[in-house]
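I opened this entry to keep track of what I looked up, one topic at a time. The sequence and the model come next.

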Amino acid sequence: MEERGERDLPGLECCIFKDLDTKSLNVLNKAREIATLKKGDYVYREGNLPTGVYCVHEGHIKAFKVGSDGKEQIIYLAKPGDLIGWQQLTCDDPYSTSAVALEKAVVSHIPREIFVEIVRNSTLSLALTKYICEDVIMLESKVLELSQKSVRERLATNIIMLHQKFGIKHGNKIVIGVPLTREDLANLIGTNTETVIKLLSEFRREGHIEFIEKKIFILNLNALKKFSDFYG
């Protein structure tokens, strides 16, 4: 990872740190290390012991597990403003996932002892609790989705969820603003790449989505919600 100079430091007013007092922010800014990652660079690896948490400033990160068959299962996607790597930090376990940059990204690493001290002595504990609750709800939804929905329904549901978290208005359309390959989409919903390509082609023929320079544009969100049984 390429370190950045002091003149180029991104602010920490993002993530759950945005409401911290000036003193706590100064402590975090002094302690953190900022790095620029290339596409494919690891933020952390499954099985390693956590040394801190990471705040995403630029780019997108995927967190995934590798199954016994060597296939990835994407657990979640992070965007600028998200905090990652905190789950195992709170329970003293090794990382249960790996995190990799999907494109050029900038992250801050905040040492464990500093993060824990700030949480203990500030309003950050309430914000972290909210973050944990949202994470649990997301994982519960994913388990339900993988166990009860067809592959077509899972793909439609995930396109909707990507729209909610990464959607960018583009004229009268919405573009999914995270650079996912067809293989990434397959790893997100638990299927193979060929099936995803086939289903995306069906969605395009039915007028629900279109592709421009490999990016997914949503044309009919309501139709996707209807046949995915999605009410979020």
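**Entry 1: a sheet of four strands.** I began with an open sheet in this predicted model. Its four strands come in the order E10-E11-E13-E12, and their pairing is antiparallel. I looked up which strands stand at the edges, and they are E10 (167-170) and E12 (209-212), each of which pairs on one side only. From one strand to the next, the twist averages 35°.

I then checked one pair in detail. E10 and E11 run antiparallel and are joined by four bridges. His-170 has Lys-173 of E11 opposite it.

Next I asked what lies across E10, E11 and E13. I found helix H4 there, running at about 95° to E11.

**Entry 2: the other sheet of four.** I noted a further open sheet, with four strands in the order E3-E8-E5-E6 and antiparallel pairing. Strand E3 (42-44) and E6 are at its edges; each has a single partner strand, so one side of each has no neighbour in the sheet. Neighbouring strands here are turned by 30° against each other on average, with direction ignored.

I also looked for a helix on this sheet. H5 packs on it and touches E5 and E6, and the direction of H5 makes about 100° with that of E6.

For the pairs, I took E5 (residues 61-66) as the starting point. With E8 (residues 98-101), strand E5 pairs in the antiparallel sense over four bridges. Ile-61 is opposite Ala-101 in E8. With E6, strand E5 shares six bridges, again antiparallel. The bridge partner of Phe-64 in E6 is Ile-74.

E5 and E6 form a hairpin with five residues between the strands, and Gly-70 in this hairpin takes a positive phi near 85°. I also wrote down how covered E6 is: five of its seven residues are buried.

My reminder on pairing: strands of a sheet pair through backbone hydrogen bonds, in a parallel or an antiparallel way.

**Entry 3: Ser-98.** I stayed with strand E8, where Ser-98 is found. Is Ser-98 buried or exposed? Its relative accessible area is 7%, and buried means under 20%, so Ser-98 is buried.

I listed what Ser-98 touches, not counting residues up to four places away in sequence: Tyr-42, Tyr-44, Arg-45, Glu-46, Lys-62, Ala-63 and Phe-64. Ser-98 and Ala-63 are 35 residues apart in sequence, yet their C-alpha atoms are 5.4 Å apart in space. A polar atom of the Ser-98 side chain lies 2.8 Å from the backbone nitrogen of Glu-46.

**Entry 4: His-109.** I moved on to strand E9 (residues 105-111), which holds His-109. Its relative accessible area is 14%, so His-109 also falls under the 20% limit and counts as buried.

Which side chain makes a polar contact with the side chain of His-109? I found that of Thr-51, at 2.9 Å. Leaving aside neighbours within four places in sequence, the contacts of His-109 are Ala-31, Arg-32, Glu-33, Thr-51, Gly-52, Val-53 and Tyr-54.

**Entry 5: nonpolar cores.** I looked up the largest nonpolar core, which has 28 residues. Leu-77, Leu-162, Leu-200 and Leu-224 have the most contacts inside it. The elements that each supply at least two residues of this core include strand E6 (72-78), helix H4 (151-166), helix H6 (193-205) and helix H7 (221-228). H4 gives the largest share, six residues.

I followed Leu-77 further. Outside its neighbours within four places in sequence, its contacts include Ile-61, Leu-102, Leu-162, Phe-166, Leu-180 and Leu-188. Lys-62, Asp-82 and Lys-165 are also among the contacts of Leu-77.

There is a second, separate core of 17 residues, which includes Leu-12, Leu-89, Ile-118 and Val-119. My general note: in soluble globular proteins, nonpolar side chains tend to be buried together.

**Entry 6: the whole chain.** I finished with the totals. The protein chain has seven helices and 13 strands. It has 232 residues, and 46% of them count as buried. The chain exposes about 12500 Å², of which carbon and sulfur atoms supply 52%. Taking contacts between residues at least 6 apart in sequence, I noted that 70% join residues at least 24 apart.

Notes
Residues are numbered from 1 along each chain as its sequence is written. This is a predicted model: local features need pLDDT of at least 70, side-chain atom pairs count only at pLDDT 80 or more; totals for chains, interfaces and linings use all residues. Side-chain values use heavy atoms; hydrogens and water are left out. A nonpolar core is a set of buried Ala, Val, Leu, Ile, Met, Phe, Trp, Tyr and Cys residues joined through side-chain atoms within 4.5 Å. Buried means under 20% relative accessible area, exposed over 50%, partly exposed in between (1.4 Å probe, protein chains only). Contact means heavy atoms within 4.5 Å. Two strands pair if DSSP finds at least two bridges between them. Axes are lines fitted to C-alpha atoms, for helices over the stretch in contact, and angles run from 0 to 180 degrees between N-to-C directions. Accessible areas come from the Shrake-Rupley method with a 1.4 Å probe; for residues, only the protein chains shown count as cover. A polar contact is a pair of N or O atoms within 3.5 Å; within protein, one must be able to donate a hydrogen and the other to accept it, and residues adjacent in sequence count only if both atoms are side-chain atoms.
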